[in-house]
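Please look through the structure shown here and read the report that follows alongside it. It begins at the end of one helix and then moves outward to its surroundings.

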Amino acid sequence: MTATSAGGTGGGTPPIHHCDFCGRPTTEAGPMVEGKALVANGLRHNVAHVCAQCAAACDKIFEQHEKKNAKLEKLPTPRELVAHLDDYIIGQDKVKRTLAVAVVNHYKRVLGGEIDDPTLEDVEVSKSNVLLIGPTGCGKTALAQSLARRLHVPFAIGDATTLTEAGYVGEDVENLILKLVMAADYDIAAAERGIIYIDEIDKIGKTSQNVSITRDVSGEGVQQALLKLLEGTSANVPPQGGRKHPEQQYLRVDTTDILFICGGTFVGLDEIVAKRLGRKMIGFRNEGHVTTKEIEHERDELVALATPEDLERFGMIPELIGRLPVMATLSQLSEADLARILTDPKDALTKQYRVLFHYDGAKLEFTDGAIREIAKRAKARGTGARALRSVMEGLMLDIMFDLPEREPGKTYTITEGVVRGEETVFAPTA
């Protein structure tokens, strides 16, 4: 490419150059970076010019390229991964350790290395795909997201309930791979080392009711379709999504080194385990008064004892269970856990609102009583940490609406009375 200049060379007026990338003149784009004039084959080529906007775009491209190339040069230890997860996820300590070891083992397998022991040269390490079992809002998705963020690998989330067998209304399983490719900016090599989280995996469990009535198009058939992806195959992915058809060009993606993390609530799994163990769950007893906390504790205890056979009784096919060798169970979040989630993580909701108040020149504080009351209301909704945001949004809506019109430089305190609607943050206006 060559730079162009037009007029204005006389009378002290600087020449007008054009950016070799976007073509905008200096009068519109401002000062430009100038290159050196090149002489090749006896011909002198014009000086190249690049505007600030195009230079910034180039910097961003190079920065992304460097991140992709450096993402796994130094694999973190399991302890380092757990320390990172502790910054964003409250509780679930055993699950963090299980995930950290599984992920590190997976990427050891991906990165490989020299083996100087001839007896180990032909040993093939299996994939460490993970199955997370736990109630809604307990941190399954957040754990997977935080791992991908620490490892600097592409990450995609898919919902198993949207998947159906080929030929039926819904999505093919290959669309999960497409989401990962898009997250990697269509860098196939980067996508092939990424992480895919499949949510609601329990919802595709086969059911006995539809064996002879109709095809289980979103159940066992989807489980069968997922088998090859989880184990490792060369998948044909439609670049624009949607269903496959013969005229469409495909992206070829090898899923061998993609880590799959599947999550589900598996409602009723505790009853299956209790039946196998010959135990009667306290929730069905009429002996005395049983607290919700005791019922939740027993459910967590039973689900932690689940075996592959229990998952098979739930409706998962044995082949799929076998491709998810690492199983971890998450426990219910207590009120104390929810209170810590509000304040402790790096991206805690209370910290986010403090930032928003800072933009309006104000400070925001929460009393311990307010934190406990918010956690109590969220716990009552039964949707785990997800309920915290909805409770906070309802609490802060009117306050955020009025804040920009208030005098800056003041500190506002959210108390237990404010959460209950008994007090107000702002002094009444005259």
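Directly after helix H5 comes His152, a residue whose phi is positive, near 60 degrees. This angle, like every value in this report, belongs to a predicted model.

Helix H5 itself covers residues 140–151, and its length can be checked by a short calculation: at 1.5 Å a residue its 12 residues should span 16 Å, and because the end C-alpha atoms are 17 Å apart, the expectation and the model agree. The buried residues of H5 are Lys140, Thr141, Leu143, Ala144, Ser146, Leu147, Ala148 and Leu151. These buried residues pack against two helices, H3 (78–86) and H4 (93–111), and also against the strands S7, S8, S9 (195–199) and S12.

**The sheet beside the helix**

Strands S7, S8, S9 and S12 belong to an open sheet of 5 strands, whose order is S8-S9-S12-S7-S13 and whose pairing is parallel. At the edges lie strand S8 (155–159) and strand S13 (326–329), each of which pairs on one side only. From one strand to the next, the twist averages 20 degrees. As a general point, the strands of a sheet pair through backbone hydrogen bonds, and they may do so either parallel or antiparallel.

Is strand S12 mostly buried or exposed? Of its 6 residues, 6 are buried, so S12 is largely enclosed by the rest of the structure. In a regular strand, the side chains alternate between the two faces of the sheet. In S12, Leu259, Ile261 and Gly263 point one way, while Phe260, Cys262 and Gly264 point the other way, and all of them are buried.

Strand S12 (residues 259–264) runs parallel to strand S7 (residues 130–133), to which it is joined by 4 bridges. Strand S9 is likewise parallel to S12, and 4 bridges join these two strands. Some of the residues that face each other are Val130, which stands opposite Ile261, and Ile133, whose bridge partner in S12 is Gly264. Tyr197 also stands opposite Ile261 in S12.

**A buried residue in a loop**

Gln92 is placed in the loop between H3 and H4, the two helices against which the buried residues of H5 pack. Is Gln92 buried or exposed? Its relative accessible area is 9%, and because buried means under 20%, Gln92 counts as buried. Leaving aside residues up to four places away in sequence, Gln92 touches Cys138, Leu330, Ser331 and Leu333. Two of these neighbours offer a backbone oxygen to the side chain of Gln92, as the table shows.

| Backbone oxygen | Distance from the Gln92 side chain |
|---|---|
| Cys138 | 3.4 Å |
| Ser331 | 3.0 Å |

**The chain as a whole**

Taken over its full length, the protein chain has 17 helices and 15 strands, and buried residues make up 40% of its 430 residues. Among contacts between residues at least 6 apart in sequence, 67% join residues that are at least 24 apart. The accessible surface of the chain comes to about 24300 Å², and 52% of that surface belongs to carbon and sulfur atoms.

Notes
Residues numbered from 1 in each chain as written. Predicted model: local features only at pLDDT ≥ 70, side-chain atom pairs only at ≥ 80, totals over all residues. Heavy atoms only, no water. Pairing = 2+ DSSP bridges. Axes fitted to C-alpha atoms, helices over the stretch in contact; angles between N-to-C directions. Expected span 1.5 Å × (residues − 1). Buried < 20%, exposed > 50% of the residue type's maximum accessible area, 1.4 Å probe, protein only. Contact = heavy atoms within 4.5 Å. Polar contact = N/O pair within 3.5 Å; in protein donor to acceptor, adjacent residues only side chain to side chain. Areas by Shrake-Rupley, 256 points an atom, 1.4 Å probe, with all protein chains shown as cover.
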